Every structure is written in structure tokens, then in C-alpha cells.
Amino acid sequence: MNTLVSAVALLLACAGFFTYDQITFRQGLIRTLSAQAQIVGSNSVSAILFNDPQAAASTLAALQGSQNIVSAGILSSDHRALAQFSQDRREANVDIPPLGPGKVQAYWLRAGRVVLVRRILSEGRTVGFVYLQASLQELDKRLKRYALIAVGVLLISLAAANLVSSSFRKSVAQPIIQLAETAQRISRDKNYDIRVSSPAERNELAVLVGSFNEMLGELQKSHDELEQRVAERTRELVSANRELEAFSYSVSHDLRGPLDAINGFSYVLLNQYGAELDGQRRELVENIRASARRMTALIDDLLNLSRVTSSAMRLEKVDLSEVARSIIDELRQSAPQRAVEFIAPEKTEVVGDPRLLRVLMDNLLRNAWKYTSQHASARVEFGTVPENRRTVYFVRDDGNGFDPRAADRLFQPFQRLHSAAEFPGNGVGLATVRRIVQRHGGEVWAHGAIEQGATFYFTINSSRGLG
Amino acid sequence: MAAVNSAVNSAFGRRVGSRPKIAARLAIASSLIVLFATFAVGQNARSTESQVKAAYLYNFGKFVTWTDRAGNSDTFQICVLGKDPFGRVLDSTVKGESIDQKTVRVARISRVQEAAPCNILFISASEQGHLSAILADAQRMEVLTVSDMPHFAERGGTIGLVNHQDRIRFEVNRNMAEKSHLVLSSELLKVAVRVIQGKPGR
């Protein structure tokens, strides 16, 4: 494209120049002819006045030396030829058109020739005419020569331009493009091992490439460093977690022993010797048993939580609706007097660990059951909200709800938003739910308001990283 | 016509019959007409020759420089000495013409002494007899002497008109021109049929 534009520009310039040259050359030619005519004319006055053809002829003879004069002649005032010559023997009389009265000189262009006629004056009177006929061959030759030169120059300059441009491309444009492509590749593939090859010459581009490579090296180093650090931190975290989990498991497990003892012995006490105990003593033992029961529950929950955290996951198809129904049945059996309406879809299939999912649903439904216990009738719902790229599951109740401002504390362990007197519980349930949901690669969140119930949403993204 | 008839009668030596008479008369008449025509043409030819000579006389003025009397007067005088062969022709030729912005006038003189104001002096053939005297006087006057008498240039005239190959040409005597303080243009010399350099006579 550029080449075409340059070529056109060059050609236009040449055309302009040549046209100008042609015009000026022709004008020059006419001027020369005019001068020659003047000289010949003034030198022929006497020949004309004294009717001397030989003198006229000898004056004309001087013109025969001039290259491009084809023919010339001296005419008397009545257009009769006094003397003439013609380079071309074949040419007969040249047809000289008459000169207008006011004009001293005129010229006509005819068939590749120019004919110039001039009056010969003596004492202000026309005594005769001189005519010169010159060939414009020279003009044509000139033009052809110029055309050849123009074409030659054009070709050479285009070739030179091509050479320069390709050398430029090689030494500048190509390395830059390579640089850009490499940068793109690195961003795309995140492969920091790639380096750009340095150009042959040691010029500014080599400096640029060098700096670029240096930068890449630094990038790679910091990337590796970061990876290392992340790996380390992860290792630390994992091990910390593991430790914690192991600790909580062993603690819980170890705590059970004494607890079982407390439970057992207090039972025996009550059973065997209950009759001998009076009301007050009996109450004391009941209190011991109650606290022991609570503690057992807490340890169970903690054990659950740690199991949830540590055990390996098995992925299977699980019907959450079925799980929910079975849990509700259990709850109904434990409190048959309660009027609780339960709504769930026919089938809700997900992929996940069946045990963990059961624990999840158990916790959520039990909460819903629990926090509607103060109302005469309750409604608990399990369902799905299809969203753009994921399915959101929810468990809703119309119970006491919670203060939404404290929502961020909901899922932290041991954070209870209600007192134990209001609603029993130890604050581990939702933490467990969160952990299970996390292990399934999902999220959990809650909406609620005081006395307006609560809705717990969660997602299970089994296709993403699990564990 | 009557004289002709009688001449013809006597030439034939007998009285001519009526029909042959008419034919003969016709023949004679036509030949006479031809003769007259030729004579008339000859007259014209002769007028053309005068015209040419008159034109030459005027044109000489363009190629000669009068060194001593340049700018002296505002007229250019052509004088005819002796029997005028031009008649009206010379006057009509130079009418309204000028040489070097000087109006051209024609004058006829009878004596060479009157030639002082003349630029060109045409010496008629009638003056052949006392040519040397005329030339001797003319020489002192810076005047261009022209004539059509034979050998004029050889005999001391400056420009002599001659008949050369059926054309009016002229011979030039450079010496005389020099003596008369006249400068003849090379243009003139170019077309002269003969240029005489060196002393005449010897």
C-alpha cells in the first residue's frame, strides 16, 4: 500500500516536472527559431531589396548547420520565394499561411513540426518574410528519454525503499512485534520461563529486550517466591488445622471418659439411692445430670465438627428432599404435639458426601424446629432458588428470627444470638453447617428479622475444588 | 491606315480583289496589333526597369552612411543630373518614404555644383561626355554617385547599375566610396555583382 502511494507520488512529480520541461523546452525552441528568423531576416533585407537570390541563399545557408531546422526560406512581400532550402529533398513548397496585418511573427505546430514566419521590415515597411520549419523530434526524444529516466529512478528508488524498509523491519519492527507477542504469551500462559531473544545488533532495541528479559526474570523470581510462600503458608495452615482438629478430637474424646463416669454414677445414684434422697438432694443430683447431659451434647457437637473437618469426602448422588423428610419425621416423633407444617420439593438431587450433607440438613432443620417452638403453629420450608449459574438451596422458618445486624456472628462457633434460657444450644451447629458447605465448595448465608423468621441459603458447587 | 493600305498595294504590285483584299487587310491589321502590343509591353517593361532602378536608387540610401553630414538636415535628397530617365516613376517610388527618419525628396539639377545638398546623385547617361569633371566635383561633396551608363563604376562612379543576366544589378567601387567619405554596408556589397577595390583606370 505504501509502495503504491510512493510510486503514484513519484509519478505525479515526474509528470509535473516533465510537462513543465516540455513546455519550457518548446518555448525555448520557439525563441531560438525566432532569434534565427530575426537574424536571417535582417541579413536578407538587401538581398530582397536588390532581388538577389544568391545572397538570400547564402544567408539561408547558415541555417543548414542548425540540427533541427527542416526547411527555411526567404519570401518577397508577395509571398514569392526568393530562396529556400529543405533538408528533406522530397518536400515541395511549404504552405505558409499569411501573417495577420498587425503581427510581426507567428508560429504553427503541425505534424511534429513547428513553422515560424516572421516579417522582414525595412524602414517600417514589410519587404518580405522569412520562414523556418523545425522538427519537434528533439522534443519527443527528450520526453522519451525523461520517461525512461523516470521509470529507472522509480524502480531504483522503490527497490531502495524496499531494502531500507525490510532492513528496518528486521532490525526494529520485528523485534518489537516479537516482544509484544512474548508479553501476550506470558500473560496468557502464565509461563514466566519464556525469554525474548536478543536482536543481532547491539542497539537501543537490544537494551529494551535486555530490560524486558530482566523484568521477566524478576517476575519469575517473585512469582516463585510467592508460590513458595503460599505453599509454606498453606502447609502451615493445613498442619495448624490438622493439629487443631486432632487436638479438639482428642480433647473431646478424652473429655468423654470422665463425662461418661459423671453420667453413669449420677444415674446409679439416682436409681439406687433415689428413694433415700429428699427433694433438695434429689434436685442437686438432677442438676448434676442436666449439666453432664449438656456437656455431652457439646462434646458430641465438637466431635462432629472435627469429624466434619477431617474425614475424607465421598461423592455420591444425594436427594436432599428425602434427607429433609426423614429428619422432619424424627423431629415429629420426638415432639408429636407440635403442629409444624413442612414443605419440600419432591426431589432435590445433588452430588456430595451423604453423611456430611445429612449433618448439614439436620443442623438447619433442627434450628428451624427449635426457633419456631415458641409459636403455636410453625411452617418450615426446604427448597431451591435457581439462579444464573448455580442452584441455591434454602431452609426457611417463620419463627423468632434473629437481628440481622448480628448476621456475621451467626456462623462463628460458640456465638449464640439467643440465651440458653430462650433456646437451648451451644453455638456449634451453624459453624458445622458452614464447614460442610465449604468442603463442598459452596457458600452459606442467612436472611432474617426479629419475629419474622429466618432463611438460610447455601450452595453446593461440586464441580469446583472440594476438600 | 490609308498609308498602310497603299504601302501594301505597292508591295504586292497589283490591285487586290475584294475577298482576298479583306483577308489580307485582316492579316496586316492583326500583325500590326501584335506589334503595337509588343511595343506597349516593351514600354511597360521599360517602365518596370525605371521602377526597379528608382527603387534601387532609394534603397541604396538605406545601406550607405554619410559620415560627415549625419543629422545635418531633415531631408534625404535624391538628385538627378542631366536628362531624367525616370520621369514620374522616381517621385512616386519615394513618395511618403523616409530614410533614417528623413523625408526623401527628389530634385533635378542641371549642374553638378548644385549637388551639394544631395545625398544621392544619379548621373544620367546624357552626361557621359564630361563624366570625369562631374565626378571630380562630386567627390568633394560626400555624395553617392549612381548611374546606369556603361562601366560607370570602373570610370570612377561609386555605384553603377548594370544589366546582369536579364536583371538589374549593380557594381560598387569601394575606393570612390571611401574618397567620398561614404561607408557602404556589407549588406550592399553582398548583393553587388562586382566590387571594385583599388584605383580605377590603371
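In chain B, β7(B) and β8(B) make a hairpin with 2 residues between them, and Q165(B) in the turn has a positive phi of about 50°. Keep in mind that this is a predicted model, where local features need pLDDT of at least 70, side-chain atom pairs count only at pLDDT 80 or more, and totals for chains, interfaces and linings use all residues. Residues are numbered from 1 along each chain as its sequence is written, and chains are lettered from A and ligands numbered from 1 in the order in which they are written.

**The chain B sheet**

Helices (H or I, at least four residues) and strands (E, at least two) are DSSP runs, numbered from the N terminus. Two strands pair if DSSP finds at least two bridges between them. On that footing, the hairpin belongs to an open sheet of 8 strands in chain B, in the order β3-β4-β2-β5-β6-β7-β8-β10, with mixed pairing. Its edge strands are β3 and β10 (194–196) of chain B, each pairing on one side only.

Both kinds of pairing show up around β7(B), as the table lays out for chain B and, in its last row, for chain A.

| Strands | Sense | Bridges |
|---|---|---|
| β6(B) and β7(B) (159–164) | parallel | 2 bridges |
| β7(B) and β8(B) (167–173) | antiparallel | 6 bridges |
| β7(A) and β9(A) (377–386) | parallel | 5 bridges |

If you want to find the register by eye, start at I159(B): V146(B) stands opposite I159(B), and in β8(B) the bridge partner of I159(B) is V172(B). One more pair to look up is S147(B), whose bridge partner in β7(B) is G160(B).

**A helix with two sides**

Helix α4 (residues 131–140) of chain B has I134(B), L135(B) and A138(B) buried (20 or more other C-beta atoms within 10 Å of the residue's own; exposed means 12 or fewer, partly exposed is in between, and C-beta atoms are placed from the backbone). Looking down the axis of α4(B), the buried residues fall within an arc of 95°, so they line one face of the helix; the arc is that of the directions from the helix axis to the C-beta atoms. That fits a general rule: an α-helix has 3.6 residues a turn, so residues three or four places apart point the same way. The face of α4(B) turned away from the buried side carries the exposed residues S132(B), A133(B), A136(B) and R140(B). Covering the buried residues of α4(B) are, among others, β5 (120–123) and β6 (144–147) of chain B. After α4(B) comes E142(B), with a positive phi near 55°.

**Over in chain A**

Here 5 strands form an open sheet in the order β7-β9-β10-β12-β11 (chain A), again with mixed pairing. The edge strands, β7 (339–343) and β11 (444–448) of chain A, each pair on one side only. The twist averages 15° from one strand to the next. Within the sheet, I343(A) stands opposite E381(A) in β9(A).

Helix α8 (residues 354–371) of chain A lies across β7, β9, β10 (391–397) and β12 (454–459) of chain A, and runs at about 25° to β10(A). Axes here are lines fitted to C-alpha atoms, for helices over the stretch in contact, and angles run from 0 to 180 degrees between N-to-C directions.

Its neighbour to look at is helix α9 (residues 429–439) of chain A, where 9 of the 11 residues are buried. What covers the buried residues of α9(A) includes α6 (279–310), α8, β11 and β12 of chain A. Just after α9(A), G441(A) takes a positive phi of about 75°.

α8(A) and α9(A) pack at an angle of about 145°, with their axes 9 Å apart. Residues in α8(A) that meet α9(A) include L356(A), V359(A) and L360(A), and the α9(A) side includes L430(A), V433(A) and I436(A). By class, this contact of α8(A) with α9(A) has 8 nonpolar, 4 polar and 1 charged residues. Ala, Val, Leu, Ile, Met, Phe, Trp, Tyr, Cys and Pro count as nonpolar, Asp, Glu, Lys and Arg as charged, and the others, Gly among them, as polar.

**Where the chains touch**

In all, 12 residues of chain B are in contact with 10 residues of chain A, contact meaning C-beta atoms, placed from the backbone, that lie within 7 Å. α6(B) gives the most to the side of chain B that touches chain A, with 4 residues. By class, that side of chain B has 5 nonpolar, 2 polar and 5 charged residues.

Key: Two residues are in contact if their C-beta atoms, placed from the backbone, lie within 7 Å.
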